[in-house]
Amino acid sequence: MSKEVLVVSKDVLLRALLRYEPGKSIIKDSVIVIPSEIMSQIEDRASQGDRFSIGAITEVVWLRDLEKEGYISKVSIEHHQSRGLNALAELAEKMKGKVITGDRVVTLSLRARGVDVIYIGPEYGEFRLYNFFDESTMSIHLKEGAPPMAKKGRPGEFRLVKLSDNPMEEYEVRTIAYEVLERAKTDPSAFIEVKYGDAYVIQLEDFRILVAFPPFSDGIEITAVRPLVKVTLDDYELSDKLKRRLRERAEGILIAGPPGAGKTTFASALAEFYRAGGKIVKTIESPRDLQVGPEVTQYGRLAGSFENTADLLLLVRPDYVIFDEMRKTQDFKIFVDMRLAGIGMVGVIHCGFPIEAIQRFIGRVDLGVLPHVVDTVIFIKDGRIQKVYSLKITVKMPAGMKDVSLARPVVLVRDFETDSVEYEIYTFGDEVVVMPVRGRGPRHELPEGVEAPIRYRLRKRKHTIILDLGPELAETEVTLYSGNREIATLMTDAKGKITLAKSSPIGRRIVEAVKSDSLRVVPREES
């Protein structure tokens, strides 16, 4: 009785698939054939210190031991004329055997050629990564030799949780990693976004998964992130003034904040806001991380470059483009070029403070062009809008200078809600100066002795309005002005809020002042 001949593919040795079921049962009493090309490749990589290739050679030694024990009939390294898949097909035909593999693409390709194939990789029903997630999990972090960890909560309000006290074995993490890669190859809802030899970024349904292998990382690591909530702009309780700005005037928007602050969540909400308003919206992102409807097309790198993507988008003529994760100089140049071409741009930028988002453009765009490229900066932290800036250019003496001859173009960075200038940006010699300015230049002059207004947020309820000044002004008397006219002097509560009936005379005057963009709030002791 002739023994079954099994020609092994390279992934079987690299992933040690024959050591475990179903592979180990399948090879019993069979003849194992290893193509000489595969043996040469793993020997070359092993000599360079590649640990997976060293492991593959160890697998061949283990198969030799099984041959001596009588578990398998024979191990043979066979020469061939063809290369790659053709070599597997050639040896299978020559030796009247089957190819054994754990790669779905190899399986499909060989079956298309009429070659008998035994697939021993993960099945569609198996996906261990899902087992680490529950309804409150934002991301999971798996690494060989370390306990599995998860972030639970929501942007700005999460905690790091240990899922097990036991460190994960190398085989566990490797098996999950290859399950992800195999799924990405053939699942219609998945694709490999980025591939750099030992690192992969995979988009699988709503999951963004990073898989890193040595030597790029010091151990196999998997990070999987998913959006926990999908929100709309209404969830952010924007002031009417900011809603008008976004709807009518803002066309060069930066969404800024530290990592994990909720920038992408807000950008997704803004994309849906523009789409619902009848605008054509596209995105530029890699990996594709925004949660948007099917009407919004998400573009990656075209032929490896965002510049090619931008050229294509100019032909598509969108009203707004969301540019996620701007970091490199070329990203900023693309943002500027598309904005000056008349397209509304929304850029997402990592930074620790609001002004840093603007500083990222300095040196990458002429100062006189800056306010035409960026007109609104929205700073997100802990999932909330903490600051909004507007930009405008004028000719004046910079703050602190006395000589009229020093007047020059100055970019004014204003707190959007209060209209008070917080920074001035101008050139001085060969340097660009970003100068902090406290409470200068509100749009409306206030009575003599009244300092610049403070920031506020107006929230409307069914029967009331809430003027939120922030906890730093808790239990403080403040005076409200409409332009130069005093409305009232009121006391904030323990959280820095003033609650009034909508129908009351003061409530109506406040709402009217907000609509006309003339409301100013000043602490009583300064009035």
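**Exercise 1. Place aspartate 29 in this predicted model and describe its backbone and exposure.**

Step 1. Find the element. Aspartate 29 sits in the loop between H2 and strand E2 (31–35).
Step 2. Read the backbone. Phi of aspartate 29 is near 65°. That is a positive value in a residue other than glycine.
Step 3. Classify the exposure. The relative accessibility of aspartate 29 is 36%. Partly exposed lies between the cut-offs of under 20% for buried and over 50% for exposed. Aspartate 29 therefore counts as partly exposed.

**Exercise 2. Do the same for arginine 317.**

Step 1. Arginine 317 belongs to the loop between H10 and strand E16 (320–326).
Step 2. Phi of arginine 317 is near 60°. Again the value is positive and the residue is not glycine.
Step 3. The relative accessible area of arginine 317 is 68%. Exposed means over 50%. So arginine 317 is exposed.

**Exercise 3. Which residues make the nonpolar surface patch, and where does valine 316 lie?**

Step 1. List the members. Leu302, Leu312, Leu315 and Val316 make the patch. Its area is about 340 Å².
Step 2. Locate valine 316. This residue is in helix H10, which covers residues 306–316.
Step 3. Check its exposure. Valine 316 has a relative accessible area of 32%. Patch residues need over 30%. By the exposure classes, valine 316 is partly exposed.

**Exercise 4. Is threonine 264 buried or exposed, and which residues does it touch?**

Step 1. Locate the residue. Threonine 264 is part of helix H9, residues 263–276.
Step 2. Apply the cut-off. Relative accessibility is 17% for threonine 264. Buried means under 20%. Threonine 264 is therefore buried.
Step 3. Name the contacts. Leave out residues up to four places away in sequence. Threonine 264 then touches Asp289, Leu290 and Asp324.

**Exercise 5. Where do the cis peptide bonds from glutamate 21 to proline 22 and between proline 214 and proline 215 fall?**

Step 1. Take the bond from glutamate 21 to proline 22. This bond is cis, and omega is near 5°.
Step 2. Place proline 22. The residue lies in the loop between helix H1 (10–14) and helix H2 (23–26).
Step 3. Take the bond that joins proline 214 and proline 215. This bond is cis, with omega about 5°.
Step 4. Place proline 215. The loop between strand E11 (207–212) and strand E12 (221–225) holds proline 215.
Step 5. Put the two together. Proline 22 is in a loop between helices, and proline 215 is in a loop between strands.

Key
Residues numbered from 1 in each chain as written. Predicted model: local features only at pLDDT ≥ 70, side-chain atom pairs only at ≥ 80, totals over all residues. Heavy atoms only, no water. Helix = DSSP H or I, 4+ residues; strand = E, 2+ residues; numbered from the N terminus. Buried < 20%, exposed > 50% of the residue type's maximum accessible area, 1.4 Å probe, protein only. Contact = heavy atoms within 4.5 Å. Patch = residues over 30% accessible without salt bridge, like charges linked within 9 Å, V, L, I, M, F, W, Y side chains within 5 Å. Areas by Shrake-Rupley, 256 points an atom, 1.4 Å probe, with all protein chains shown as cover. Salt bridge = Lys/Arg side-chain N within 4 Å of Asp/Glu carboxyl O.
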